[in-house]
Amino acid sequence: MPPISFSTRECLGFVELSPVAVAAHDKQAWLDLFATYSLVEDPVGSRPIVSRPGDSAEHGPLASFYETFIAPNDIRFEVQRDTVCRQYVWRDLDIHINMASGAKVVTPVHLLYELVEEGGEPKIFRLAAHWELRNTMSQQSGGMAALWRMLRHMGITGVFGFMRALSSVGEDGKRQVRQFASLFNAADWSGLDRLFATQIPEIRLVARGESCSPRDLVYLGNELSFSKVLAAGEFVSAGFQLRREGRLHEGIALFRFTRSSNRISALDLYWQGA
């Protein structure tokens, strides 16, 4: 994906238009934020909602998603931290939902906007919401009404695609992520290597456009900590802080797992700036 030419402030101002449109129930304003070809993974682990040129503005996949999950609910974003890293904007937030059933749901989320440039303007190419469907469903009531709404707007295939997100790497994946930090802080490089599914693990430093090994991270920091660890699909996301001699890198860590072995296959680190 080519880099975009917009500033950090412009990217943040653009993505903030999404919760504004959601809160105002302005369907067209929300739809207009997306690129001609776009993907929505909400939550990650569900079947992506794919929008293509020529899709109906009223009945296309993105419009159906809006009618199912946004239109009937009152939704508010409580943002703790934003990270702009190249064309990626991460929002660490809690989403507060007053559902049509009367249930009040609070969902911790790491929300990724991958931006592209169309007609000189930023647009959302990919929206990936990392949150835990099983935990959120446990807070809900009126589930049958929500199910019928999904069936009406998305069909049986869409419902099954959404429910795929119930399967994730779960607590075992989150445990391995916390173990990664412990091993890193203990400089146990052989232990770190064993966490990975591949013999030559690579970590992508997205801000720099570079990759490195777990051992090479020592040149960036000697103290690593994670917060708000979430498992969604084959990913675990976490806020991170990486410190070295008073210097601090802060952002989002995204671990990908190999589902067959439930071991880490890749790690991307996103932080602001280069």
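Two aromatic rings, from Phe, Tyr or Trp (its six-membered ring), form a pair if their centres lie within 6.5 Å; planes under 30 degrees apart count as stacked, over 60 as edge-to-face and the rest as tilted. By this criterion the whole structure contains 12 aromatic pairs. The structure is a predicted model, in which local features need pLDDT of at least 70 and side-chain atom pairs count only at pLDDT 80 or more, while totals for chains, interfaces and linings use all residues. Residues are numbered from 1 along each chain as its sequence is written, and side-chain values use heavy atoms, with hydrogens and water left out.

## Aromatic pairs

A pair of aromatic rings is described by the distance of the centres and the angle of the planes. Phenylalanine 226 and phenylalanine 255 form an edge-to-face pair, with 5.7 Å from centre to centre and 80 degrees between the planes. This pair links distant parts of the chain, since phenylalanine 226 belongs to strand E9 (residues 223–232) and phenylalanine 255 to strand E11 (residues 247–258), 29 residues apart. Helices (H or I, at least four residues) and strands (E, at least two) are DSSP runs, numbered from the N terminus. Both rings belong to buried residues (buried means under 20% relative accessible area, exposed over 50%, partly exposed in between, with a 1.4 Å probe and protein chains only): phenylalanine 226 has a relative accessible area of 19%, and phenylalanine 255 has 0%. Elsewhere, ring pairs link Trp30, Phe34, Phe65, Tyr66, Phe69 and Phe162 into a cluster.

## Two sheets

Strands of a sheet pair through backbone hydrogen bonds, either parallel or antiparallel. Two strands are taken as paired if DSSP finds at least two bridges between them. The following table lists three strand pairs.

| Strands | Sense | Bridges |
|---|---|---|
| E3 and E4 | antiparallel | 11 bridges |
| E1 and E6 | parallel | 4 bridges |
| E9 and E10 | antiparallel | 8 bridges |

One open sheet has 6 strands in the order E2-E1-E6-E5-E4-E3, with mixed pairing. Its edge strands are E2 (49–51) and E3, each of which pairs on one side only. Neighbouring strands of this sheet are turned by 20 degrees against each other on average, direction ignored. Valine 79 has leucine 93 of E4 as its bridge partner, and phenylalanine 34 has isoleucine 124 of E6. The hairpin of E3 and E4 has 2 residues between the strands, and arginine 86 takes a positive phi near 60 degrees there.

The other open sheet, also of 6 strands, follows the order E8-E7-E12-E11-E10-E9, again with mixed pairing. Strands E8 (210–212) and E9 form its edges, each pairing on one side only. Here neighbouring strands are turned by 25 degrees against each other on average, direction ignored. Helix H7 packs on this sheet and touches E7, E9, E10, E11 and E12, its direction making about 170 degrees with that of E9. Such angles run from 0 to 180 degrees between N-to-C directions, and the axes are lines fitted to C-alpha atoms, for helices over the stretch in contact.

## Helices H1 and H4

Helix H4 (residues 61–70) lies across E1, E2 and E3, running at about 140 degrees to E2. Because 7 of the 10 residues of H4 are buried, this helix is largely enclosed by the rest of the structure. Among the buried residues of H4 are Leu62, Phe65, Tyr66 and Ile70.

In helix H1 (residues 8–15), the residues Cys11, Phe14 and Val15 are buried. Seen down the axis of H1, its buried residues fall within an arc of 90 degrees, so they line one face of the helix; the arc is that of the directions from the helix axis to the C-beta atoms.

## Cores and a long-range contact

A nonpolar core is a set of buried Ala, Val, Leu, Ile, Met, Phe, Trp, Tyr and Cys residues joined through side-chain atoms within 4.5 Å. The largest has 43 residues, and those with the most contacts inside it are Phe180, Ile203, Leu217, Phe226, Phe255 and Leu269. Apart from this core lies another of 40 residues, among them Val22, Phe65, Met99 and Ala165.

Tryptophan 271 is found in strand E12 and is buried, with a relative accessible area of 2%. Its C-alpha atom is separated by 6.2 Å from that of threonine 83, 188 residues apart along the chain. Contact means heavy atoms within 4.5 Å; leaving aside neighbours within four places in sequence, the contacts of tryptophan 271 include Thr83, Val84, Cys85, Leu205 and Phe240.
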